[in-house]
Each structure stands twice: as structure tokens, then as C-alpha cells.
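This report accompanies the sequence and structure displayed below.

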Amino acid sequence: MSNHNTFYAKASSPALNLIKNSWRTRKYLFLIPAVFSAWSFLLLISFINPQFSLETLYSTGGDGDDLSIVTTETNSISYNPIILDPLPPLQDLFVWPPNIRRPLCLPKIFVYPDSAKMGEFQVTEVPPMGTNYVAEQILLKQLRDKASDVHKNYVTENPEEADFFYVPFLGSKYLADCWFTKGIKGDCDVDEKYAEPMMNHIQRDYPYWNRTLGRDHIITHPMDSTSLYYKSRARMQNATFLTTVGDRRVVFGVDGRSRRYGDIVIPSSTALINLAHVNGADYLTVDGQPKSGERDIFLLFGGRYQDVKPEDSYSSGIRALLFNGLDQQPDYMIASSWSNPEYIGLLTRAKYGFAPQGYTLDTTRIWEYIAFGVVPVVIADGIIEPFEDDLDWDSFTVKIRREEAHRMDEILRSISAEDYEQKRQALWSYGRQALLDHGAWDLIVRALCRKGRLEGMRTITRDQHEQLGADTLILRSQETLDAYL
Ligand SMILES: *[C@@H]1O[C@H](CO)[C@@H](O)[C@H](O)[C@H]1NC(C)=O
Ligand SMILES: *[C@@H]1O[C@H](CO)[C@@H](O)[C@H](O)[C@H]1NC(C)=O
């Protein structure tokens, strides 16, 4: 048989014969009522369920994209959410974020005593000044205050047994005194008169720096340029810096301001909270709500924005959005500044507080929001918040990417009342632990435990550590516990 015949033989199959026969005998006429009834059936179905169409029939069988269109856009069938039983609680060691009262390790910290050899400035009385940059003074005071929980938990008077050495460097105080009190534009010879003598004394008059080339030493740099203010910064680099600048962007890593694995990011102080000593809790109920009325300001922001253009490097242009529309929203409260009493009043009434980047990604106002139970809205791509390894920042803040910043109003208004309330409560009962005058040292020490590979250990002496008991708790005075948790 030829190939042609093979083909023909296959084509004259029984099915083909059936078609030929029905054509001849006009049996195809039965198709007319059949098609008609199928069509009526489809009409009936689409009447019962208006979302139904042949398109949906096909697309459910299609690829992933079609499926998502069907389920999220064209399918508005109401459904009851499936609520399952919650999972059983985990053992403490498997929980994140951790209970901060359970220490990760209990190291010993030695604080170098003040000396005129550190530079005259270290022992001179400096008049108090209005500045946001006093975190270094607060942290040092807590270490040295023999009555403080911090001192009792971590400080040793004996350098021979210490794991870590705290350098009482107050460079930000020196510079703030120079700039804000004396009104001098230069740096008041901070290197010659202060940073050099300080590092000389630590590195030459004690044996401890050279033992590890400074790796177990701690220096605090709470201003925007961290150690970059000092020509003598190379002598400090091996120490762990406590800084308020936490930044993953390339430019801040390259110039050395933010060292992802060299620094520990700490909260900033603010003039309102740490100098005027305004305690948010005094102005709110125990649940962190206004004493009368409710939080009726949707979003609060006080700071620089009016001269900012979208293409500016300051705040990566983000603050320009405020001047271009958002400040006209009736429930937004936006201005360059307010007096302290006015600002306190607004903080008690605000739901959200806007925390866009400025010169740096962090802004001091976030600490005022936290102290007053105002949920921060952070726009600062690449920010490293203080104590991210131990605090769940997502639970009490809203983060928006710069590329979505123009949709901020829509994004915030789509957060449900329940979700907002959950964040607000997490902030009040949990987020406030990060504040400088509350649990900051406990969180700094957790980071030191990781750096020194001391997890699970309690220090007897520098060379001798023992296992930390599983039920060990950090000492906290009743006063602290009452004030915050
Ligand atoms: C530590 O090393 C530096 C540089 O070598 C030296 O100048 C200094 O005197 C040393 N310190 C001590 C206490 O020996
Ligand atoms: C810092 O550490 C390096 C070694 O990594 C060392 O060469 C240098 O001298 C140290 N700097 C100081 C000031 O100790």
C-alpha cells in the first residue's frame, strides 16, 4: 500500500463514516435544539452567579497569572475566614522576639574613671545646653550610678575581670558645647584638646587596649557623622561604636559612618524627653491613650520640609511630599516646629507620627512618638533600627518604601482600625523598652554578647565563664517596671 492509501484508510474511520451518514440523512438537525439548550443553561447559571463567564471557566485552568486575576479581581464571592486553633506556645529559647528580661549573657563592663589626662574637658563643668545629642551622657551616667539597675547588672570596678571596657568619651558634648553654647563655627580643636589626649590615656596608661588592640572597647558617637568629626578617628576604629546612625546604603558604609558589623545602633536622646524630662506616660492613661477624647490627629510631623524639593539629597526628597499636598489634609498636623507645650498636646492626640529620613535615615522625633504611644511611619530605605536583633520593629511601626511614599495617605488609610490598634498596643506595652532611660543598656549588652561570643554565659572573671541559669532574670527596679510594663 502506498502512503496515500495508508492516510486514506485512517481517514475513513467509523467516526468519519458517521458524519457522512448523518449529513446524508439530515440527522444533524438534532444539533439545533441541543445547542439552544446548552446556551439557555449557561444564561441561567450566569444569572444566578453574575461573576460567571466562559472566560473564568478557561482562565481557572490557565497559568498562575490568570488564576490570580480570577481570585483577587473578578471573584467577590463573600466568604467566611477560616479561623483555626492557635498553635501551642513555644519554649522560651525558641521564641522571637525574646523576653528581654532574660539576659543573653551576663558580661562584666569596666568603665574607665575620668582623668584630666583625658583632656581638660573631661573634668570641667559644662553648662547644660539644648541639644538632641546627649545619649552618650545618659548611657555613661547609668553605668556609673551605683544605684542603677545597669550598674548592678553589668558593671565591675575591677578591670582585670572585665569582658568589655567603656571609654567615657564625650565628643558630642564637647562639640555641642562648642557649637551651641559658645557659638563657634569650627570644632574648637576637638582633636588636639580632647580626642588625642583621651586616646593617649586609654592606649598608653592602661594595658587593656593593646591586649586586644581595642576590640573589647566601647565608644559612643551619638551625632550624625559618628567618628568622622575627629581627625584622630583611626585610633578609635577597632572599638565597638555605639551610634545613632544605622544605615545599609553604600555611601554610608564607604565613608565609614555606618559599620554594619562594627557598630551597635542605639536610640537617640531628644531635648524634649531627655533634657526637659517630659515623660509621655504622665500625659496619657495607663493604656497610652489621651486622658480625654481620642487620638483625632491622623498624622503628625514637626520639622524641616518647606524648602525641600523632590530632587534634593536632603531626605532623598521625601519631605517635599508634605509641602505638595499632604499638609492640606484636614486631619494632618504638619509644621516646622511647635513650642514644647503645644507639641506635647499634639503628641497625645496623634495616631501616626511621620518619621522620614533627614540628613540621616534615623530621626530623633521617632523617640518622642514612641514615648507618647504614637505609631511611627518610617520612610528611610536601608535604615537599621536600634536593637533589630531583639526587638520586633515591624510590630509597632509602619514602614513605607521611598518609591511608594507618594501613596502614603492611601496606604495609611487602608490600615484597618484593628491593625492600627494592635500596633499601638505593641508600641505601648513593648516598643518603649528601647527608650534610652528604660531598657537600652539591656539591649546593648545583648549585642555585646553576640560580638564577644558569650551567648548563654555568665562572667566570673575575664577568663572564666559559667553557664547562665535558664531562669536568670535581669534585675529591674520596681520603679522601672511600674513606669513601663
Ligand atoms: C600600646 O601600643 C602602642 C603602639 O604600639 C604604644 O604606643 C603604647 O605605649 C602601648 N601601650 C602600652 C600600655 O604598652
Ligand atoms: C587596630 O587593629 C589592627 C589589626 O587589625 C592593628 O593593626 C591596629 O594597630 C589597631 N589599631 C589600634 C589603634 O590599636
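The sections that follow describe a sheet, a pair of helices and the surroundings of two ligands in a predicted model.

## The sheet

An open sheet is formed by 6 strands in the order 2-1-3-4-5-6, and their pairing is parallel. Its edges are occupied by strand 2 (155-156) and strand 6 (263-265); each has a single partner strand, so one side of each is left without a neighbour in the sheet.

Within this arrangement, strand 4 (residues 217-221) pairs with strand 5 (residues 240-243) in the parallel sense, over 4 bridges. Thr220 has Leu242 in strand 5 as its bridge partner.

## Helices 8 and 9

Helix 8 (residues 171-181) and helix 9 (residues 190-205) have axes that come within 11 Å and cross at roughly 165°. The two helices, helix 8 and helix 9, are therefore roughly antiparallel to each other. The crossing of helix 8 past helix 9 is right-handed.

On the side of helix 8, the contact involves Gly171, Tyr174 and Leu175, which meet Val190, Tyr194 and Ala195 in helix 9. By class, the residues of this contact comprise 5 nonpolar and 1 polar, with no charged residue.

## Ligand surroundings

Around ligand 1 lie Gln203, Arg204, Pro207 and Asn210. This shell consists of 1 nonpolar, 2 polar and 1 charged residues.

Ligand 2 is surrounded by Leu213, Gly214, Arg235 and Asn238. Classed in this way, the shell around ligand 2 holds 1 nonpolar, 2 polar and 1 charged residues.

Notes. Residues are numbered from 1 along each chain as its sequence is written. Chains are lettered from A and ligands numbered from 1 in the order in which they are written. This is a predicted model: local features need pLDDT of at least 70, side-chain atom pairs count only at pLDDT 80 or more; totals for chains, interfaces and linings use all residues. A residue is near a molecule or strand if its C-beta atom, placed from the backbone, lies within 6 Å of it. Ala, Val, Leu, Ile, Met, Phe, Trp, Tyr, Cys and Pro count as nonpolar, Asp, Glu, Lys and Arg as charged, and the others, Gly among them, as polar. Two strands pair if DSSP finds at least two bridges between them. Axes are lines fitted to C-alpha atoms, for helices over the stretch in contact, and angles run from 0 to 180 degrees between N-to-C directions. Angles under 35 degrees count as roughly parallel, over 145 as roughly antiparallel, 65 to 115 as roughly perpendicular and the rest as oblique. A crossing is left-handed if the near helix is turned anticlockwise from the far one by less than a right angle, and right-handed if clockwise. Two residues are in contact if their C-beta atoms, placed from the backbone, lie within 7 Å.
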